[in-house]
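Reader: I'm new to this one. Could you walk me through how to read it?

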Amino acid sequence: MPNRIRAGALTAFVVAGLTTLTTLAAPAGAAAPAKPAPAFLSASQLPPHPSSSWTAGKVTDGVPLELGLCLADVFPGYDSRYREFRTDLDTGARQLTIVTGSAVKAKALADRMNEEIRNCPDRLETDPEIGAAHRDYGAVPVEEGARVHGLHTWTAWGATDIRLMSVGRDGRTVTVVDWAQMGDFSDAPVRAFKKTTTTAVNKLY
């Protein structure tokens with residue numbers, strides 16, 4: 001089945017109503033200088049692809065639709081930006097950063113995101129033509145912490161996809177890294193993705 005059909009069938013199930021988030025303006029009269037915007041991964045910092053190089057897109061305001069697969073219900077009205085990454089084949093990735101109002105709010109958001117990813121298969125399987133399974137690949141010791149998840153999805157028409165997702169935090173900023181391609185858990189580059197996650201959180205500030 002062509003990739004565009006597979007992707008359309010899965011994302012249509014979860015992205016209805018997902019809208020681009022607005023960027024918060026600085027409070028009027030704020031005396032303190034604004035903190036620099038969080039930095040993003042570069043293409044070379046993604047898990048190496050065996051036959052294609054990565055290309056990085058521009059940093060864009062909002063939220064990528066692909067993250068709606070598991071996280072459509074948790075995006076708050078904070079300052080959010082993302083970068084897309086592509087290869088010449090079926091493998092893609094993206095990084096999202098969300099700057100909250102405080103470290104306490106960021107921790108709550110990260111905890112909620114981890115829970116939503118764990119429960120994502122139950123929501124996807126309300127569609128009788130979609131199957132899904134989750135694996136928790138554990139914590140990554142970086143800044144205020146990160147966690148890596150695996151999600152395998154398959155369909156009644158034979159498509160099968162594997163994605164790795166991580167949620168990490170530095171102070172009041174949360175970042176999500178998402179990597180996906182055709183395959184199953186055996187195709188997931190977990191060790192390399194954990195290294196990418198560590199780099200992503202360290203680069204935020």
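**Reading the strands, a helix and a few odd spots**

Author: Let's start in the sheet of this predicted model. Strand 4 and strand 8 run antiparallel to each other and are paired over eight bridges. Within that pairing, Gln95 has Val177 of strand 8 as its bridge partner.

Reader: With which sense, and over how many bridges, do strand 3 and strand 4 pair?

Author: Strand 3 (residues 79–86) pairs with strand 4 in the antiparallel sense, over eight bridges. Here Arg81 sits opposite Thr97 of strand 4. The link from strand 3 to strand 4 is a hairpin of five residues.

Reader: Are the residues of strand 4 buried or exposed?

Author: First the general idea: side chains in a regular strand alternate between the two faces of the sheet. Now the case here: eight of the eight residues in strand 4 are buried. Gly92, Arg94, Leu96 and Ile98 are buried on one side, and Ala93, Gln95, Thr97 and Val99 are buried on the other, so to speak a strand with both faces covered.

Reader: What about the loop before it: where does Thr91 lie, and what does its side chain meet?

Author: Thr91 belongs to the loop between strand 3 and strand 4. Thr91 is buried, at a relative accessible area of 3%. Its side chain makes a polar contact of 3.3 Å with the side chain of His49. Leaving aside neighbours within four places in sequence, Thr91 is in contact with His49, Trp54, Arg86, Trp179, Ala180 and Gln181.

Reader: Now a helix. How do I check the length of helix 5?

Author: Count residues and compare with the end-to-end distance. Helix 5 (residues 190–203) has 14 residues, which at 1.5 Å a residue should span 20 Å; the C-alpha atoms at its ends are 20 Å apart, so the two agree.

Reader: And which residues of helix 5 are buried?

Author: They are Val190, Phe193, Thr196, Thr197, Ala200 and Val201. Look down the axis of helix 5 and these buried residues fall within an arc of 130 degrees, so they line one face of the helix. On the face turned away from that buried side you'll find the exposed residues Arg191 and Lys195.

Reader: What do the buried residues of helix 5 pack against?

Author: They pack against strand 4 (92–99), strand 5, strand 6, strand 7 and strand 8 (173–182). For a single spot, try Gly168, in strand 7 (residues 160–170). Gly168 is buried, with a relative accessible area of 3%. In sequence Gly168 and Val201 are 33 residues apart, yet their C-alpha atoms are 6.1 Å apart in space. Not counting residues up to four places away in sequence, Gly168 touches Gly145, Ala146, Thr173, Val174, Thr175 and Val201.

Reader: What is the phi of Glu143, and where does Glu143 lie?

Author: Glu143 has a positive phi, about 45 degrees, although it is not a glycine. You'll find Glu143 in the loop between strand 5 (130–140) and strand 6 (146–155). Glu143 is partly exposed, with a relative accessible area of 46%.

Reader: Which parts should I read with care?

Author: The general idea is that where pLDDT is low, the predicted coordinates should not be read in detail. The protein chain here averages a pLDDT of 87, and 83% of the residues score at least 70. Residues 1–8 have a pLDDT below 50, and beyond near neighbours in sequence this stretch has eight contacts in the model. Residues 12–32 also have a pLDDT below 50, with 29 contacts in the model beyond near neighbours in sequence.

Note on methods
Residues are numbered from 1 along each chain as its sequence is written. This is a predicted model: local features need pLDDT of at least 70, side-chain atom pairs count only at pLDDT 80 or more; totals for chains, interfaces and linings use all residues. Side-chain values use heavy atoms; hydrogens and water are left out. Helices (H or I, at least four residues) and strands (E, at least two) are DSSP runs, numbered from the N terminus. Buried means under 20% relative accessible area, exposed over 50%, partly exposed in between (1.4 Å probe, protein chains only). pLDDT is the predictor's confidence in each residue, from 0 to 100. Contact means heavy atoms within 4.5 Å. The expected span of a helix is 1.5 Å times one less than its number of residues. The arc is that of the directions from the helix axis to the C-beta atoms. Two strands pair if DSSP finds at least two bridges between them. A polar contact is a pair of N or O atoms within 3.5 Å; within protein, one must be able to donate a hydrogen and the other to accept it, and residues adjacent in sequence count only if both atoms are side-chain atoms.
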